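Here's a quick tour for anyone meeting this structure for the first time. Have a look around, then read on.

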Amino acid sequence: MNVLLFLIPLALLLGLTGLGAFLWSLRNGQYEDVQGAALRVLNDDDLEP
Amino acid sequence: MAETLDLSAYVRRQDNGTSHLDLAIEGIDCAACISEIESGVSHLPGLVSARLNYTTHRLALDWQGTLDPIVFVDELCRLGYRAHPFQARAVEEEEARRAQWLLKCLAVAGFASMNIMLLAVSVWSGNVSDISPETRDFFHWLAALISLPAVAYAGQPFFRSAIGALKNGRTNMDVPITIGILLALFMSVIETINHAEHTYFDSVVMLLFFLLCGRYLDQAMRRRTRTVACNLASLRAEVAHRLDDRGEPALVPTAALKPEDRVLVRPGERIPIDGIVLSGSSEVDESLVTGETLPRQLAGGGAVYAGSLNHTGALTVRVTATGQGTLLDEVQRLLENAASAKSRYRQLADKVARAYAPVVHLAAAITAVIWIANGATVHDAVLTAVAVLIITCPCALALAIPVVQVVASGALFRSNVLLNSGDALERLARVDTIVFDKTGTLTLPEMSIANKAAIPPDLLEAAARLALSSHHPLAAAAVREARNRRPFEGAIEEPGQGVRAVVDGAEIRLGSPAFCDAEDLAAIMVGEQMQASVIACARGHERAILLVRQALRPDAAQVIKSLRASGLDCRILSGDRPAAVAPIAAALGIEAWRAGAKPADKIAELERLKAEGRRVLMVGDGLNDAPALATADISISPITATDLTQAQADAVFLGDLLEPILDAVTISRRAHALMRQNLLLALIYNLFAVPLAFLGYVTPLVAALAMSGSSSLVTLNALRARGKGERKNETEAVPTSPAVPVLQGV
């Protein structure tokens with residue numbers, strides 16, 4: 001059962017990383033324009049012709 | 001004359017030396033607009049960033065240096081978009097903060113429920129195989145460690161609401177939720193200490209996760225409506241010409257006006273404030289204020305009201321304090337009375353909660369007592385009672401109504417109806433009588449030409465293009481007919497008379513009959529058509545009379561017919577003259593109509609209808625309708641209505657068609673039916689689950705399955721609110737009860 005001592009903290013850490021990433025993206029304003037984000041990806045003006 | 005609007009009131013200076021301005025943009029309809037707008041303004045000097053929010057249709061601009069913000073508006077105008085300075089209202093910011101907070105709570109609950117489920121599944125499978133008691137205890141303690149802080153954080157929306165309700169001596173849906181969550185958590189900790197096989201940590205956090213989903217959806221729906229409403233408010237933000245000490249006009253936002261300011265109102269402009277006329281004489285159209293469509297003669301000393309349209313001459317108006325505006329004052333007072341009466345309406349969800357909470361708690365208490373009476377230990381009895389509480393915790397119930405509301409309001413959104421209040425759907429579904437205002441509601445808010453067919457098409461086109469050069473409100477009706485939108489060169493407007501231009505060697509005139517030498521024709525036309533305004537046009541020897549009036553919305557007759565076919569009693573209650581209302585009522589086949597009603601008369605009429613036990617939907621747009629809108633059980637107003645009126649309406653519809661009203665009733669009826677179905681589903685679920693819990697068969701595994709199962713079921717059922725449904729057969733005979741003739745005139 002020693003493997004649990006390693007796996008469980010790892011699982012928690014992964015979960016917390018996900019939560020942290022979500023909270024960061026929320027604070028970063030990434031959910032303020034959900035429809036726009038979906039359309040901006042189609043815009044390829046930034047590519048060199 | 002090129003006039004520039006002073007936008008400085010909207011610009012925000014930031015700490016890093018840049019200036020910030022938010023613009024609401026009109027005319028965004030495709031993905032390409034994003035880059036078109038952003039790159040369109042990017043060449044302006046000093047611009048640091050320009051970012052368009054496609055969801056809210058707002059452009060955020062940051063720039064350095066002393067750039068006049070009006071250049072952005074001009075540039076966007078050149079690109080084909082109308083831009084208006086936008087100032088976030090406090091309510092909207094508050095809603096945005098709350099939505100973010102709920103999303104954070106949702107994230108925490110999601111994280112916790114996933115991790116605890118991981119531990120719980122291990123325990124469940126270990127319990128039937130070979131888990132050692134030490135490992136199980138370890139998992140339970142770990143689950144406790146995750147769930148206690150997670151619930152403390154993510155449960156706040158429910159705890160706060162429950163405490164708030166209890167403080168006011170009421171109960172709401174959040175009270176049983178809070179009690180259930182806290183008791184289950186408490187018992188699980190006790191069980192963990194006692195090395196028991198089962199704990200309910202997973203049920204608690206899952207419950208919280210589902211509930212927060214419902215809460216967030218509810219919030220998102222209201223935010224979307226509010227965003228659109230705020231944009232529209234700033235798109236219509238009004239400006240005024242304020243006269244400074246030297247008598248020079250400057251364009252300022254209406255919000256910046258103070259009492260005693262002097263304001264210049266030109267012909268064709270809307271009067272932005274309540275005031276007293278200092279100089280000038282004119283005719284004003286007060287249809288938005290009183291419903292009266294005949295213009296009123298006005299000279300020095302007369303009172304004018306915000307929202308009236310100035311027709312013929314320029315006026316200088318002294319701003320009076322809003323509190324002294326006699327009409328507005330009266331309207332406000334009536335509004336407050338009516339609004340306080342409506343707040344007594346209780347939502348379906350609250351009603352259910354009020355009945356539900358005591359039953360749940362009673363059931364849990366009875367369970368505990370019976371178990372103890374049958375010789376069980378207090379520990380076992382309390383544990384079973386907790387299982388009853390968890391299983392009955394209104395998870396499906398809390399999702400049942402918000403999900404339907406979200407789906408239905410999305411469907412309404414596509415039908416061009418915006419809801420102002422969440423419970424509007426329920427009230428709309430129970431309506432049996434619809435009272436329409438005439439001016440601007442059954443009729444289009446703008447004037448149009450009534451006798452198009454009688455005018456030679458080329459003469460009409462010439463008149464329409466000529467009208468482009470005029471500022472007169474009646475000319476606006478003619479402009480709508482113009483196919484070629486370029487004004488004639490060298491067109492001259494003679495104030496108070498009309499416009500003239502020389503085209504291909506012939507002079508064209510558009511204006512008063514006298515100006516076009518067509519008084520004889522006008523006299524004949526006026527004899528036939530009492531309610532229309534008359535303008536004339538002449539080209540060489542050709543002459544024609546244009547009858548201008550407010551036309552019915554194109555689909556009004558059809559919609560009224562369908563509404564009556566679905567069993568609704570339609571009536572007209574107008575502030576206009578009987579002679580103007582009668583033909584409209586006749587055209588729509590409405591027998592119960594009343595004209596000349598003042599705001600107080602409208603309220604009295606609605607009260608009378610309500611006293612008969614009817615549930616009344618009021619559809620109106622004028623300032624004079626605002627109190628009536630507040631009195632009615634539910635109200636809808638067109639987006640062209642005055643601010644005050646819109647604020648009072650439960651829903652707003654867009655566009656020139658009346659069809660949204662029909663859609664609103666259809667969709668809300670279906671939504672209401674689904675809400676009741678969902679509540680029934682939740683009830684049936686409880687009928688099966690409670691006896692099981694009572695007998696002690698509900699293990700955490702069963703609880704988890706039951707909870708997610710019932711939640712999915714109501715959510716899937718709610719999605720059915722989306723479809724448009726089948727329309728009533730249009731050709732069907734109209735089976736309404738004979739309409740009661742109402743008193744005519746005053």
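In β22(B), which residue is the bridge partner of S533(B)? The partner is V548(B). Keep in mind that this is a predicted model.

## The open sheet

That pair belongs to a bigger ladder: β21 (residues 533–539) and β22 (residues 542–552) of chain B run antiparallel and are joined by seven bridges. Both strands sit in an open sheet of six, and going across it in chain B you'd read β17-β22-β21-β20-β19-β18. The pairing is antiparallel. At the edges are β17 (443–449) and β18 (492–494) of chain B, each with pairing on one side only. From one strand to the next, the twist averages 15°.

A helix packs on this sheet, too: α15 (residues 457–467) of chain B. Helix α15 touches β17, β19 (498–503), β20 (506–511), β21 and β22 of chain B, and its direction makes about 70° with that of β20(B).

## A strand covered on both faces

Now for β16 (residues 433–436) of chain B. In general, side chains in a regular strand alternate between the two faces of the sheet. Here T433(B) and V435(B) are on one side, with I434(B) and F436(B) on the other, and all of them are buried. In other words, both faces of β16 are covered.

Strand β16(B) has parallel partners as well. Four bridges link β16(B) to β23 (residues 569–573) of chain B, with T433(B) partnered by D569(B). Another four join β16(B) to β25 (residues 616–619) of chain B, again parallel, and there F436(B) has V619(B) as its bridge partner.

## The nonpolar cores

F436(B) turns up again in the largest nonpolar core, which has 116 residues. Along with L212(B), L563(B) and L617(B), F436(B) is among those with the most contacts inside that core. Helix α3 (residues 90–127) of chain B gives the largest share, 15 residues. The core also draws at least three residues from each of domain 2 (90–233) and domain 3 (405–444 + 553–672) of chain B.

Zoom in on L617(B): leaving out residues up to four places away in sequence, its contacts include T433(B), I434(B) and V435(B) from the stretch we just met, plus others such as L428(B), I634(B) and V665(B). There's also a second, separate core of 26 residues, with L7(B), C33(B), L47(B) and L61(B) among them.

## A word on cysteines

How many disulfides are there over all chains? The count comes to zero. As for individual cysteines, C537(B) is buried, because its relative accessible area is 0%, under the 20% cut-off. C570(B) counts as buried too, at 3%.

Terms used
Residues numbered from 1 in each chain as written. Chains lettered and ligands numbered in written order. Predicted model: local features only at pLDDT ≥ 70, side-chain atom pairs only at ≥ 80, totals over all residues. Heavy atoms only, no water. Pairing = 2+ DSSP bridges. Helix = DSSP H or I, 4+ residues; strand = E, 2+ residues; numbered from the N terminus. Axes fitted to C-alpha atoms, helices over the stretch in contact; angles between N-to-C directions. Contact = heavy atoms within 4.5 Å. Core = buried A, V, L, I, M, F, W, Y, C linked by side-chain atoms within 4.5 Å. Buried < 20%, exposed > 50% of the residue type's maximum accessible area, 1.4 Å probe, protein only. Domains from an automatic or database assignment. Disulfide = S-S within 2.5 Å.
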